[in-house]
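Reader: I would like to understand how the descriptive words used for a protein model are justified. Could you take me through some of them step by step?

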Amino acid sequence: MRCPFCGKFDSEVLESRVVEGGEAIRRRRECSRCKKRFTTFEKVRTSVLWVIKKDGKREFFDREKVKRGILRAIEKRPISLEAMEEIVNEVEREMLRKSSEEVSTKEIGQAVLTKLKKIDKVAWLRFASVYLEFTGLSDFAKAIRKG
Ligand SMILES: [Zn+2]
């Protein structure tokens, strides 16, 4: 953790305390260079993934929503529900790995597209057509060429 006073990346933990009913840890640190002290918080990150929608509104990442979108795309396709669950899991993991706590619906859509493409081209095209909101056939053709 970078020292807020001198910017050095090396500090010693003087004290660790579990706070907020066990959901966070507060650490008192001392910078190894300037010897100033500061406090850091460590918190469990489970539901703090925010999704920024096209209209700019924020909402919590919702697995079910992602699933519904994929379900529509894989209808009558030879894709098992397990495979679909796995896509959702992977997408969620990818989003949580990002350094930001905010992702856009676009990023989620792109992640789903990448995975669907590997499994089933028809499902991929269906998802793309909904998600990319094609305004015309030329857009669609463009996306196919690009993909
Ligand atoms: Zn320092």
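**From values to words**

Author: Let us begin with exposure, keeping in mind that this is a predicted model. Lysine 76 has a relative accessibility of 79%, and the word exposed applies over 50%, so lysine 76 counts as exposed.

Reader: Where is lysine 76 placed, and what is its phi?

Author: Lysine 76 lies in the loop between α1 (63-74) and α2 (81-97), and its phi is positive, at about 60°, although the residue is not a glycine. Lysine 35, in the loop between β2 (24-31) and β3 (37-43), likewise is a residue other than glycine with a positive phi, near 65°.

Reader: Why is α1 called oblique to α4?

Author: Two packed helices are described by the angle between their axes and the distance between the axes. The axes of α1 and helix α4 (residues 121-131) come within 8 Å and cross at roughly 125°. Angles of 65 to 115 degrees count as roughly perpendicular and those over 145 as roughly antiparallel, and the crossing angle of roughly 125° belongs to neither range, which means that α1 is oblique to α4. The crossing of these two helices, α1 and α4, is right-handed.

Reader: Which residues make the contact between α1 and α4, and how many of them are nonpolar, polar or charged?

Author: From α1 the contact involves Gly69, Ile70, Arg72, Ala73 and Ile74, while α4 contributes Ala123, Arg126, Phe127 and Val130. Sorted by kind, the residues of this contact are six nonpolar, one polar and two charged.

Definitions and conventions. Residues are numbered from 1 along each chain as its sequence is written. This is a predicted model: local features need pLDDT of at least 70, side-chain atom pairs count only at pLDDT 80 or more; totals for chains, interfaces and linings use all residues. Side-chain values use heavy atoms; hydrogens and water are left out. Helices (H or I, at least four residues) and strands (E, at least two) are DSSP runs, numbered from the N terminus. Buried means under 20% relative accessible area, exposed over 50%, partly exposed in between (1.4 Å probe, protein chains only). Axes are lines fitted to C-alpha atoms, for helices over the stretch in contact, and angles run from 0 to 180 degrees between N-to-C directions. Angles under 35 degrees count as roughly parallel, over 145 as roughly antiparallel, 65 to 115 as roughly perpendicular and the rest as oblique. A crossing is left-handed if the near helix is turned anticlockwise from the far one by less than a right angle, and right-handed if clockwise. Contact means heavy atoms within 4.5 Å. Ala, Val, Leu, Ile, Met, Phe, Trp, Tyr, Cys and Pro count as nonpolar, Asp, Glu, Lys and Arg as charged, and the others, Gly among them, as polar.
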